[in-house]
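Trainee: Got a minute to walk through this one with me? I'd like to go from the whole chain down to single residues.

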Amino acid sequence: MTRTGSTSLLFFGLSLLAGCDSGGGGSGANPGTTGGSNGTPAGGAATGGGGAGSATTGGAPSAKGGSSTGGLAAAGSSPTGGAAPVTGGTTNGGGGQAPSTGGTSAGGDGAGGSSAGSPAGGSGGAASADPCAGALFCDDFEDYDKGKSPGAPWAERVNSGTVAVDDAQQVSGSKSVKFTTEAKDGTKTAFLRLKSDSVFPVAGNQFFGRMMVRLESAPTASVHWTLLQSTGTVPSQTYRSQYRYGGQHPVMEGGSFTGSQLMANYETPDSYSGNGPSTDCWVHANMKVLPTGAWVCVEWEFDGPNDAMRFWMNDQALEDLTVNGTGQGCVSQSETYRWTAPEFSELEIGWESYQNDAARTLYIDDLVVSKTRVGCPK
Ligand SMILES: [Ca+2]
């Protein structure tokens, strides 16, 4: 099912996007070449970013990171499950204070708890209501043919990668979208792009997104990757900028690999062809990784007027990944360089990486784009 905020015609951009290092959307050869001439951006961009970033964040304390990462997953699932019983228990249970107590007594048979829980639900109710209601765009990927790229209103952008609707994994219904990239060096892309004039530009140039993602395995070496990005022209300029969330550095806890550390990234892709400043700026999450082998609820906000971006995972805000104007550093600029937002004109989701990596597989389901925060499926 695909829903847009209006019935206007949908338009699809055909131009390839460049990316951090992706001087690259263009061709695999560009990164290296451009990177050389620009002193790092492209192929080097990520590599350079890796080096610099590593030094910056690599030093983060592992103990702390470990607990927060683990805590996230645990906390993420318990509020989700606990939300309904809490309300149900309070209303029905007449006295059950602790969520578990209330939930159990009220819901002894289950029905009481859940029926009472919904109406009184407050914020919980809002999150569990139809997330598509009032959204700018909503897609559960059920209406597309298995084995094919979804098609309108989506456009795919692939390079050493594939995008296809699949029924091996899903959160809603029986389908999701599977993104794969090959084992290879350089830029590899498996993206779906939403560039619809019923969605973009967004009023106030600010929007939230929510999607369910399942990454089967993460790079164990330093590999810069992007999960989602929004691109557009910088106001009063001729070059574009990009707000991105993805990751880069492998995280180890107690000698074991736990995943690839999440990262916010700012790029100005036209710089690789000589238009606009070179940037490639980053903010690394403190040891927090995108879990693998499980569905994860990812949310973000791109706030143009404030040059700000925010990120949530399984209902928990990842404050580490909040950007308010500036980040932790840039490959080609000082760390005080402002992440000037574009006028967001499209959204791309999927998997793109910029250095040598093994093959990757990612699934996405239940995407919502909205003017207000969506929340995770309940
Ligand atoms: Ca689905």
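Mentor: Sure. This is a predicted model, and of the chain's 378 residues, 54% count as buried.

Trainee: Which elements make up the chain, and how many of each?

Mentor: Both kinds are there, so keep the numbering handy for the sheet, since strands are numbered from the N terminus. The chain has 18 strands and six helices.

Trainee: In what order do the eight strands of the open sheet lie?

Mentor: The pairing in that sheet is antiparallel. Its edges are strand 3 (154–159) and strand 16 (329–330), each pairing on one side only. Going across from one edge strand to the other, the order is 3-6-17-8-9-10-11-16.

Trainee: Which residue is the bridge partner of tryptophan 154 in strand 6?

Mentor: Strand 3 and strand 6 (residues 188–194) run antiparallel, with six bridges joining them. Tryptophan 154 belongs to edge strand 3, which covers 154–159. Over in strand 6, its partner is leucine 194.

Trainee: Where is the proline of the cis peptide bond that starts at alanine 152?

Mentor: That bond runs from alanine 152 to proline 153, with omega near 5°. Another cis bond joins phenylalanine 200 to proline 201, with omega about -5°, and proline 201 sits in the loop between strand 6 and strand 7 (206–215). As for proline 153, its place is the loop between strand 2 (137–139) and strand 3.

Trainee: Serine 236 has a positive phi; is that residue buried or exposed?

Mentor: Its phi is near 65°, and it isn't a glycine. You'll find serine 236 in the loop between strand 8 (225–233) and strand 9 (240–253). The cut-off for exposed is 12 or fewer neighbours; serine 236 has 6 C-beta neighbours inside 10 Å, so it counts as exposed.

Trainee: And asparagine 314, buried or exposed?

Mentor: Asparagine 314 also has a positive phi, about 50°, and lies in the loop between strand 13 (308–313) and strand 14 (316–317). Buried takes 20 or more neighbours. Asparagine 314 has 22 C-beta neighbours inside 10 Å, so it counts as buried.

Trainee: Which residues does valine 213 touch, leaving out those up to four places away in sequence?

Mentor: Nonpolar side chains tend to be buried together in soluble globular proteins. Here the largest nonpolar core has 71 residues, and Val213 is among those touching the most other members, as are Trp300 and Ile364. Valine 213 touches Leu227, Val296, Val298, Leu362 and Ile364.

How values were computed
Residues are numbered from 1 along each chain as its sequence is written. This is a predicted model: local features need pLDDT of at least 70, side-chain atom pairs count only at pLDDT 80 or more; totals for chains, interfaces and linings use all residues. Two strands pair if DSSP finds at least two bridges between them. Helices (H or I, at least four residues) and strands (E, at least two) are DSSP runs, numbered from the N terminus. A nonpolar core is a set of buried Ala, Val, Leu, Ile, Met, Phe, Trp, Tyr and Cys residues joined through C-beta atoms within 7 Å. Two residues are in contact if their C-beta atoms, placed from the backbone, lie within 7 Å.
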